[in-house]
2 protein chains.
Amino acid sequence: MAPDGSGGAGPVVAVDIGGTSIKAGVFGADGRLGPVDRTATPPAGTDGAPVIEAVEGIVRRLSGGAPPAAVGVVVPGIIDDAAGVAVHAENLGWHDVALRDLLATRLGCPVAVGHDVRAGGLAEHRAGALRGAVNGAFLPVGTGIAAALVLDGRVFAADGYAGEIGHVDVGHSLECACGGRGCLEAIASAAAVARRYAVATGTPVAGSRDVAELVRRGDPAAVAVWDDALDALAYGLSLLTGVVAPTVVAIGGGLGESPDLVLRPLAGRLAARLTFQRPPRIVAAELGDRAGCVGAGLLARELVT
Amino acid sequence: MAPDGSGGAGPVVAVDIGGTSIKAGVFGADGRLGPVDRTATPPAGTDGAPVIEAVEGIVRRLSGGAPPAAVGVVVPGIIDDAAGVAVHAENLGWHDVALRDLLATRLGCPVAVGHDVRAGGLAEHRAGALRGAVNGAFLPVGTGIAAALVLDGRVFAADGYAGEIGHVDVGHSLECACGGRGCLEAIASAAAVARRYAVATGTPVAGSRDVAELVRRGDPAAVAVWDDALDALAYGLSLLTGVVAPTVVAIGGGLGESPDLVLRPLAGRLAARLTFQRPPRIVAAELGDRAGCVGAGLLARELVT
């Protein structure tokens, strides 16, 4: 990093670290993300160091030799965006890792650290399905479920604890990986839908998309599992509606890939749960699995004046 | 009102219109509310006009002849603070009443219109139990239940629809006045506690304070009713914690008058419902039933430069 804290002559690089893969790309001055590079996330090891080394290597490769102008990194878990600290990222083996300072030292440029879902919400708000919304929510329904809340025009973080709608009790008896019971995520995530279908039928499936295809063919077990997921999601949306009253909710993640089986049924079930509350529009997210990376780029771009 | 939109030489007057009584007082330049004047709320009539006339009379009396410098009025229901419109105030017979403009014309001074609970939250944030909180909630548990959310240091309104935690489904089978079923308010409001005790025992009580006294004496029916209310409130708080993660929740209203039977039990039951989430401190609200009026004064004061 230059003595004034500014970065190098290279590009802005955006990185989205997931439990399965690390997605990264160059984020242009025009606000567009270049081709997305995908690398398998290395095993976390005891201290998460292999993941940090992998990120360093990917950024150096993408910036083509020149030190990057800035880097944005987004991560799942409890992330304190303001402090740049990964408070708790189970899949990556990180607990209280000062990610921003650590990467800034290694890479010699300013680094922004954010939460993958909130960054995705920022991206959907600036350039996707939440464009123009004063109050909205981005709800990726994938391996897990969390919401990015846009409140009064800004993404709301609460020190990293906001939007944990995946772990509210929606009244079923299934255990959740978090240690709780009844969590929305345990019955309605894309992973839960695939898992519950496999458990119900003894037939493993690759993911929720396979279950969706079986629903379209009228497979009763698939219909039952899908139905439970939609009921639970409608419950979760009724809670979001009651507490923060978004005008629009953008569904993403694995379940968002089957909008025909999600958007209208969800809107109907939500409406049945509301009385005087204002129902949000339920729409498909627009940026797909690039949302987190675009958000990382937006966060990094703010560091470059 | 003077041609430049400024008010008269009189005081700032604060008014809190409730379903039972209208509380009002002079709000000093030092941010203190004078003695609170209480008037029974007149029957709404067909168009809510008697309530507006009563407010006009009270303000004229309190401002002692001189036109007031500004007036703040807070109201229950769905209130669009920004537009100054009572979208829906059931108890007062108001639907889409342009309260701010109507009163400004009658009183000849600038008028601020707000929501009673959000105004109370503003008051608790500026001068009460939420002082210094970046993210907090004011939860009056009275005739009904609604939360005022302080998010990133500001009271969050969502066009009047925020904080309706009283009407989220907490999983019981009782009907609610809103037309829903399972609402928090139907089992845990101070009114519900008194009503459920009377139904269970056939013995009417004046209010939740009487039930609290019976709980202290070990009356089994009172203990059961109180227990249900605390469980439901803990559920409601777990939802607030998951979605907006306040660091402190200030309990007010009728149930807040029995802090010994509410604060610690509620904190314990909430903790049992959380896993990785950050538990808020549960404290007693500090401004009692003056909170709404103080908030009305703060809103009016902002109009006087």
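A salt bridge is taken here as a side-chain nitrogen of Lys or Arg within 4 Å of a carboxyl oxygen of Asp or Glu. The model is predicted, so that local features need pLDDT of at least 70 and side-chain atom pairs count only at pLDDT 80 or more, while totals for chains, interfaces and linings use all residues. Residues are numbered from 1 along each chain as its sequence is written, chains are lettered from A in the order in which they are written, and side-chain values use heavy atoms, with hydrogens and water left out.

**Exercise 1.** Find the partner of Asp159(A) in a salt bridge, and place both residues.

*Solution.* Begin with the pair itself: Asp159(A) bridges to Arg278(B), with the closest N and O atoms 2.7 Å apart. Next, place the two ends, using helices (H or I, at least four residues) and strands (E, at least two) as DSSP runs numbered from the N terminus. The pair crosses between chains, since Asp159(A) lies in the loop between β11 and α4 (185-188) of chain A and Arg278(B) in the loop between α9 (263-273) and β13 (281-284) of chain B. Then turn to Asp159(B), which forms a salt bridge with Arg278(A), where the closest N and O atoms are 2.6 Å apart. Finally, set these pairs in context: four salt bridges are counted between chain B and chain A, and 37 over all chains.

**Exercise 2.** Describe the contact between chain B and chain A by its residues and its buried area.

*Solution.* First, with contact meaning heavy atoms within 4.5 Å, chain B gives 35 residues and chain A gives 35 residues. Second, the two chains bury about 2,900 Å², 62% of it on carbon and sulfur atoms; buried area is the accessible area (1.4 Å probe) that two parts lose on being put together, summed over both.

**Exercise 3.** State which residues line the largest cavity.

*Solution.* A cavity is a set of points on a 1 Å grid over the protein atoms alone where a 1.4 Å probe fits but cannot get out, and lining residues have an atom within 4 Å of a point. The lining consists of Leu151, Asp152, Arg154, Val155 and Phe156 of chain A, together with Leu151, Asp152, Arg154, Val155 and Phe156 of chain B. The elements giving two or more residues to this lining are β11 (154-156) of chain A and β11 of chain B.

Note on methods. 1 Å grid on protein atoms, 1.4 Å probe; cavity = no way out; pocket = protein on both sides within 12 Å on 5 of 7 lines; lining within 4 Å.
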